[in-house]
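Let's take a walk through this structure together, one region at a time. Keep the 3D view open beside the text and turn it as you read.

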Amino acid sequence: MAFIIDGKKIAAEIKDELKQKVTKLTEDGVAITLAVIQVGNDPASSVYVGNKKKACEYVGINSLSYELAESTTQEELLSLVEALNADAKINGILVQLPLPSQIDEDLVIKTISPTKDVDGFHPQSVGALSIGQKGFISCTPGGVIQLLKRSGIPMEGKECVIIGRSNIVGKPMALLMLRENATVTVCHSRTKNLMEVAKRADILIVAIGKPLFVTKDFVKEGAVVIDVGIHRDAENKLCGDVDYQDVLEHVSAITPVPGGVGPMTIAMLMNNCVEAVTKSK
Ligand code: NAD
């Protein structure tokens, strides 16, 4: 029987631990404030932003909302980010992506001070991760590491195959698994013999963005499967990049969708906000 990795439970544990830390910080007179910027009113972004604000409230982090019009210019957004960088009361800055087409996302990310880059997307944060220095770790891959650690799944010396090489999931995921001493292979859209390569994995991490793509033909008997994908199926139900029912009997452990990786992203964002005041970056 496969072990179902309960991301909801682990995320709740992390938030409770953080809540305790924040209570102590508050007693010591230290407040944490996250600035959340949303440009336009894309419904999915509004849901994500709302969930982030709710988590802040639960943990005891102040959140300041900046809801900007869809027509906001790049200059207007950059000057807001610069003002928040200069404001000592702000500890973290989050710009909800995607941004409207008139705004250069990379430039916005680069403008956020690396000391307030709680999403971990700034080139300095990514560079620090790649050479093993201190810095913010992007939330989704950071959450996967916590899921594995807190489920007692060893990573050291294991064959880890990651499908997907995006800047926000696949690449930082590979760097984090290396840091955990796994032997890491990164697959992408040009990988040849994907099924055979995926089958080498003791730990298979899938972040490909294609619903139900990974079937049992990609999975070695007894592997651990982590599904980062989130989609709505034909019946409007959430599903992942992995065909969960198809692989279930082949795996030793698996994350469900929903309730696997998803809840961890926000928990790790909260973790980064706390680290913004407790660790020097
Ligand atoms: P992306 O589209 O930026 O990257 C997908 C990657 O998959 C690319 O590197 C591409 O090379 C690779 N790929 C595409 N088709 C392939 C194929 N046929 N064979 C092999 N590789 C292929 O996606 P992303 O931003 O990394 O997100 C991946 C998934 O994770 C999406 O479903 C997204 O919604 C989800 N996601 C979830 C969370 C969360 O909090 N749970 C966070 C971020 C992303």
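A good place to begin is the ligand, where an N or O atom in the side chain of Thr265 sits 2.7 Å from a ligand oxygen atom. That is a polar contact, meaning a pair of N or O atoms within 3.5 Å; within protein, one atom must be able to donate a hydrogen and the other to accept it, and residues adjacent in sequence count only if both atoms are side-chain atoms. On its own the ligand has 860 Å² of accessible area, and the protein covers 73% of it. Such areas come from the Shrake-Rupley method with a 1.4 Å probe, and for residues only the protein chains shown count as cover.

Before going further, please note that this is a predicted model, in which local features need pLDDT of at least 70 and side-chain atom pairs count only at pLDDT 80 or more, while totals for chains, interfaces and linings use all residues. Residues are numbered from 1 along each chain as its sequence is written, and side-chain values use heavy atoms, with hydrogens and water left out.

Back at the ligand, the side chain of Ser166 brings an N or O atom to 2.5 Å from a ligand oxygen. Ile230 takes part through its backbone instead, with an N or O atom 3.3 Å from an oxygen atom of the ligand. There are 23 residues around the ligand, and those that come nearest are Arg165, Ser166, His188, Lys210 and Thr265; a residue is near a molecule or strand if one of its heavy atoms lies within 4 Å of it. By type, the shell holds 10 nonpolar, 10 polar and three charged residues. In this count Ala, Val, Leu, Ile, Met, Phe, Trp, Tyr, Cys and Pro are nonpolar, Asp, Glu, Lys and Arg are charged, and the others, Gly among them, are polar.

Now turn to the sheet. Six strands form an open sheet with parallel pairing, in the order 1-11-8-7-5-6. Strand 1 (3-4) and strand 6 are at the edges with a single partner strand each, so one side of each has no neighbour in the sheet. Helices (H or I, at least four residues) and strands (E, at least two) are DSSP runs numbered from the N terminus, and two strands pair if DSSP finds at least two bridges between them.

Which strands pair with strand 7? Strand 5 (residues 159-163) runs parallel to strand 7 and is joined to it by four bridges, with Ile163 opposite Val206. Strand 8 (residues 223-227) also pairs with strand 7 in the parallel sense over four bridges, and here Leu204 has Val225 as its bridge partner. Strand 5 in turn pairs with strand 6 over five parallel bridges, where Ile162 is matched with Val186.

In a regular strand the side chains alternate between the two faces of the sheet. In strand 7 (residues 203-206) both faces are covered, with Ile203 and Ile205 buried on one side and Leu204 and Val206 buried on the other. Buried means under 20% relative accessible area, exposed over 50%, and partly exposed in between (1.4 Å probe, protein chains only).

Next, find Thr255, in the loop between strand 11 (251-254) and helix 10 (262-278). Is Thr255 buried or exposed? Thr255 counts as buried because its relative accessibility is 1%. Its side chain reaches the backbone nitrogen of Asp227 at 2.8 Å. Beyond its neighbours within four places in sequence, Thr255 is in contact (heavy atoms within 4.5 Å) with residues including Ile5, Leu147, Val225 and Tyr244.

The loop between strand 11 and helix 10 also holds Pro258, and the peptide bond joining Val257 and Pro258 is cis, with omega about 0 degrees. Another cis bond runs from Leu97 to Pro98, with omega near 0 degrees; Pro98 is in the loop between strand 4 (92-95) and helix 4 (105-111). Most residues other than glycine have a negative phi, and most peptide bonds are trans.

Phi is positive at Asn181, near 70 degrees, in the loop between helix 7 (170-179) and strand 6 (183-187). Leu212 has a positive phi too, near 55 degrees, and is found in the loop between strand 7 and strand 8.
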